[in-house]
Amino acid sequence: MDVKKLFYLLCALVIFTTLNTNVVSASGFASSKEKVKENILDNKVSIAHRGASGYAPEHTFYAYDKSHKEFNADYIELDLQMTKDGNLIAMHDEDVERTTGHKGRVEDYTTQELKQMDVGSWFNKKYPKYAKKEYKGAKIPTLEEILDRYGDNANYYIETKSPDVYPGMEEKLLHSLKQHNLLSNQKLNKGQVVIQSFSQESLLKVANMNNQIPLVQLVDKDKLSTFTSEDLKFISSYAIGVGPDYSDLDKQTVQKLHEYNLKVHPYTVNTEKDMKKMLNIDVDGVFSNYIDKYINLKNK
Ligand code: G3P
Ligand code: CA
């Protein structure tokens with residue numbers, strides 16, 4: 001084959017390959033290169049706060065199933081506490097009273113004892129509009145049970161609660177995630193697991209064990225405005241974003257946080273009015289008990 005023919009053949013091959021890639025992309029089948037780039041966190045994420053906790057008892061499979069299967073929220077949000085026998089369970093408070101009616105602290109009960117408690121009845125009493133018979137007797141889920149149930153079909157936004165009370169909780173968390181094959185580079189790169197905490201120490205501990213996990217620094221109400229440029233630079237060195245109280249945010253603040261390469265995920269945005277405000281000031285997602293409302297607004 002002469003040089004000229006070879007040149008034309010190569011040109012045809014290049015044109016064919018380019019057209020083919022475009023056709024495949026346009027038809028909705030992403031090329032493998034595009035797939036690697038996909039990141040859930042880039043798309044104004046919907047974070048179901050304690051599950052769909054406005055409609056079903058928080059941190060129960062009823063609340064998680066609703067947000068994940070019915071609302072198709074991007075993330076199930078989990079608050080972790082540790083039991084007397086060293087298991088991680090999903091519960092917001094260190095004290096069991098609000099959601100179980102029993103006295104005492106999670107750390108003083110074994111998993112088996114906690115499993116006898118009912119975390120559904122309080123919800124029926126407090127929110128009769130959404131009460132359901134089956135919520136009575138709802139059980140506290142362990143992290144293992146949650147990961148077994150949803151596996152890699154769900155995305156998890158996990159908070160290390162009270163890490164000072166539970167030394168070693170970060171190691172246990174990463175061990176469980178690894179056992180469930182949720183720490184592969186591919187899964188971490190697409191944001192399938194995010195770890196959040198109000199404790200900087202806890203996040204740094206996680207970063208030290210695995211610097212590929214996306215971390216979010218939660219910020220107490222009224223504290224964001226006290227952060228110096230140095231503080232924000234430091235947060236940006238280990239975290240992909242911050243989780244402030246939504247009432248601490250305005251457009252300039254969000255813009256400033258973006259300049260430090262930090263995503264902004266405010267908690268806990270429950271009214272449509274506040275959700276619209278958050279979308280208008282360009283936050284990167286919200287925590288909500290009524291995540292279906294946010295999903296509807298964001299897709300409008
Ligand atoms: O994790 C974000 C938000 O949930 C923080 O508040 O108290 O509901 O865990 P809290
Ligand atoms: Ca939380």
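**Note on the predicted model: cores, ligand site and selected residues**

1. Core. The largest nonpolar core holds 69 residues, and Y156, L173, L177, I195, L215 and L249 touch the most other members. This is a predicted model. As a rule for soluble globular proteins, nonpolar side chains tend to be buried together.

2. L215 up close. Take one of those core residues, L215. Beyond its neighbours within four places in sequence, L215 is in contact with I195, L203, V206 and A207. The list goes on with Y238, A239, I240 and G241. I195 is on the list of residues touching the most other core members, as L215 is.

3. Second core. A separate core of 11 residues is also present. Its members include I40, L41, I47 and L218. Two of these names return below: L218 is among the residues surrounding ligand 1, and I47 is in contact with I291.

4. Overall picture. The chain has 14 helices and nine strands. Of its 300 residues, 49% are buried. Its accessible surface comes to about 15700 Å², with 51% belonging to carbon and sulfur atoms. For contacts between residues at least 6 apart in sequence, 59% join residues at least 24 apart.

5. Ligand site. Which residues surround ligand 1? They are H49, R50, E77, D79, H92, E159, K161, Q196, F198, L218, Y267 and F287. By class, this shell has five charged, four nonpolar and three polar residues.

6. Ligand oxygens. Three side chains deserve a look here. An N or O atom in the side chain of Q196 is 2.6 Å from an oxygen atom of ligand 1. For H49, the corresponding distance to a ligand oxygen is 2.7 Å. For D79, it is 3.5 Å. Taken alone, ligand 1 exposes 280 Å², and the protein buries 91% of that.

7. S197, beside the site. S197 is in strand β5, which covers residues 193–197. Is S197 buried or exposed? S197 is buried, because its relative accessible area is 1%, and buried means under 20%. Leaving aside neighbours within four places in sequence, S197 is in contact with E159, T160, P163, S202, L203, V216, Q217 and L218. Among these, E159 and L218 also belong to the shell around ligand 1.

8. Helix α3. This helix runs over residues 61–70, and its buried residues are A63, Y64, D65, K66, S67 and H68. What do they pack against? Their partners are strands β1 (45–48), β2 (75–82) and β3 (88–90), together with helix α7 (143–150). Just after α3, N72 takes a positive phi of about 60°.

9. I291. I291 is found in helix α14, residues 291–298. I291 counts as buried because its relative accessible area is 1%. I291 and N72 are 219 residues apart in sequence, yet their C-alpha atoms are 9.3 Å apart in space. Setting aside neighbours within four places in sequence, I291 is in contact with S46, I47, A48, F71, A73 and V286. S46, I47 and A48 fall in β1 (45–48), a strand that the buried residues of α3 also pack against.

10. T99. T99 is found in helix α4, residues 97–100. Why does T99 count as buried? The reason is its relative accessibility of 6%, since the cut-off is under 20%. Outside its neighbours within four places in sequence, T99 is in contact with E58, M91, D118, V119 and W122.

Definitions and conventions. Residues are numbered from 1 along each chain as its sequence is written. Chains are lettered from A and ligands numbered from 1 in the order in which they are written. This is a predicted model: local features need pLDDT of at least 70, side-chain atom pairs count only at pLDDT 80 or more; totals for chains, interfaces and linings use all residues. Side-chain values use heavy atoms; hydrogens and water are left out. Helices (H or I, at least four residues) and strands (E, at least two) are DSSP runs, numbered from the N terminus. Buried means under 20% relative accessible area, exposed over 50%, partly exposed in between (1.4 Å probe, protein chains only). Contact means heavy atoms within 4.5 Å. Accessible areas come from the Shrake-Rupley method with a 1.4 Å probe; for residues, only the protein chains shown count as cover. A nonpolar core is a set of buried Ala, Val, Leu, Ile, Met, Phe, Trp, Tyr and Cys residues joined through side-chain atoms within 4.5 Å. A residue is near a molecule or strand if one of its heavy atoms lies within 4 Å of it. A polar contact is a pair of N or O atoms within 3.5 Å; within protein, one must be able to donate a hydrogen and the other to accept it, and residues adjacent in sequence count only if both atoms are side-chain atoms. Ala, Val, Leu, Ile, Met, Phe, Trp, Tyr, Cys and Pro count as nonpolar, Asp, Glu, Lys and Arg as charged, and the others, Gly among them, as polar.
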